[in-house]
Amino acid sequence: MPGTRGNGRERRGERRQERLMHIDFVIYLGDVITANNVPIANASLYWDQAISPTRARGIPWASVFGNHDDAPFEWPIEWLSESGIPQLHCPAPNASYSGEQDCSFKGTQRLELMRNEVRENALSYSNIGPKDLWPSISNYVIQLSSSDDPKSPVAFMYFLDSGGGSYPEVISWAQAEWFWYKSKELNRNLRVPEIIFWHIPSQSYKQAAPMFLPFSYCVGSINKESVAAQEAEMGMMKLIEQRTSVKAVFVGHNHGLDWCCPHHNLWLCFARHTGYGGYGNWPRGARILEINSEPFSLKSWIRMEDGQTHSEVILSS
């Protein structure tokens, strides 16, 4: 749900999630909240509200960070008008705490947001990730298995923090190196398919982007803006391209793009703008993934808010 700002938009997003078809797992692909304009000392309250429909339905989920989730606070100009500044919700004072030192529009950092999610939600598969990769936080891997054979992997799903907000928009060399060693440890012979998720598209998305969507090898319905890529390429895509086991990379960030395009031996895909915050007025939807194990297949399509589906593509061939 990109761009939640603590008003009516996140409630519309909640209703949007509640109308979704039956699903087994949800991935929040970043920009769950717009933390730079949340008038509260700790934005975890709104993060928790945004994921509440998934939790209420008993559906497990995982999340990665986007550039808006812990962005530095910005003073909206309308707050300086006659209506004034919204009331700040502060921690209750007690004998040892005056209630003032943390009572400010200071924003909420990635680490605090993720700690709260993991601590308070048994259904969350999210992870803080290795400390030596900080300031990036949401770097982890989930093994996907069949209920018939829980110990044998059907696929490995990798989640990475692509930066932005409180630090540059980039996947660092340290993250790429972590992925390289972790993937070799778990899947040395490349037999198990791998699927990768982060928020901001890599610069390779610029290379793969179609000029005219209907006359390309890409599959999608909207191609309304240029790819807003990471600031630099630090080696992650080169490592991915060397692994024939990687089937697809999924990103968010661009609300006016929803395509999947072939790139070397894999697919580069955008999700679909789902929430009611952020820029653009394109119809909202969600990217659906269907994974089968015997034989392995990865199929994806877009499901719109009104229930219509389109842009089906097989990503495992």
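Two strands pair if DSSP finds at least two bridges between them. The model described here is predicted. In this model, six strands form an open sheet of mixed pairing, and strand 6 and strand 8 run parallel within it, joined by four bridges. One of the bridge pairs places V249 opposite L268 in strand 8. The points below cover this sheet, two hairpins, the packing of helix 2 with helix 3, and residues with unusual backbone angles.

**The six-stranded sheet**

- The order of the strands across the open sheet is 3-4-5-6-8-7.
- Strand 3 and strand 7 (260-263) are the edge strands, each pairing on one side only.
- From one strand to the next, the twist averages 25 degrees.
- Strand 6 covers residues 246-251 and strand 8 covers residues 266-270.
- Helix 4 lies across strand 3, strand 4 (149-159), strand 5 and strand 6, and runs at about 165 degrees to strand 4.

**Hairpins of strands 9, 10 and 11**

- Strand 9 (residues 285-293) and strand 10 (residues 296-304) are antiparallel and share nine bridges.
- The hairpin between strand 9 and strand 10 has a connection of two residues, and N292 has S297 in strand 10 as its bridge partner.
- The loop between strand 9 and strand 10 contains P295, and the peptide bond from E294 to P295 is cis, with omega near -5 degrees.
- Strand 10 also pairs with strand 11 (residues 309-314), in the antiparallel sense and through four bridges.
- S300 stands opposite V313 in strand 11.
- Four residues lie between strand 10 and strand 11 in their hairpin, and G307 in the turn has a positive phi of about 100 degrees.

**Packing of helix 2 and helix 3**

- Two packed helices are described by the angle between their axes and the distance between the axes.
- For helix 2 (residues 44-56) and helix 3 (residues 110-120), the axes come within 10 Å and cross at roughly 50 degrees.
- The two helices are therefore oblique to each other, and the crossing of helix 2 with helix 3 is right-handed.
- On the side of helix 2, the contact involves S44, W47 and I51; on the side of helix 3, E112, L113, N116 and E117 take part.
- The contact residues of helix 2 and helix 3 comprise three nonpolar, two polar and two charged.
- In helix 3, the buried residues are R110, L111, L113, M114, N116 and E117.
- These buried residues of helix 3 pack against both helix 2 and strand 2 (61-63).

**Cis peptide bonds and positive phi values**

- Most residues other than glycine have a negative phi, and most peptide bonds are trans.
- W134 and P135 are joined by a cis peptide bond with omega of about 15 degrees, and P135 belongs to the loop between helix 3 and strand 3 (140-146).
- D31, in the loop between strand 1 (26-28) and helix 2, has a positive phi near 55 degrees and is not a glycine.
- D31 counts as buried because its relative accessibility is 3%, and the cut-off for buried is under 20%.
- L190 likewise has a positive phi, of about 65 degrees, although it is not a glycine; L190 is located in the loop between helix 4 (173-186) and strand 5 (194-197).
- With a relative accessible area of 28%, L190 is partly exposed.

Terms used. Residues are numbered from 1 along each chain as its sequence is written. This is a predicted model: local features need pLDDT of at least 70, side-chain atom pairs count only at pLDDT 80 or more; totals for chains, interfaces and linings use all residues. Side-chain values use heavy atoms; hydrogens and water are left out. Axes are lines fitted to C-alpha atoms, for helices over the stretch in contact, and angles run from 0 to 180 degrees between N-to-C directions. Angles under 35 degrees count as roughly parallel, over 145 as roughly antiparallel, 65 to 115 as roughly perpendicular and the rest as oblique. A crossing is left-handed if the near helix is turned anticlockwise from the far one by less than a right angle, and right-handed if clockwise. Contact means heavy atoms within 4.5 Å. Ala, Val, Leu, Ile, Met, Phe, Trp, Tyr, Cys and Pro count as nonpolar, Asp, Glu, Lys and Arg as charged, and the others, Gly among them, as polar. Buried means under 20% relative accessible area, exposed over 50%, partly exposed in between (1.4 Å probe, protein chains only).
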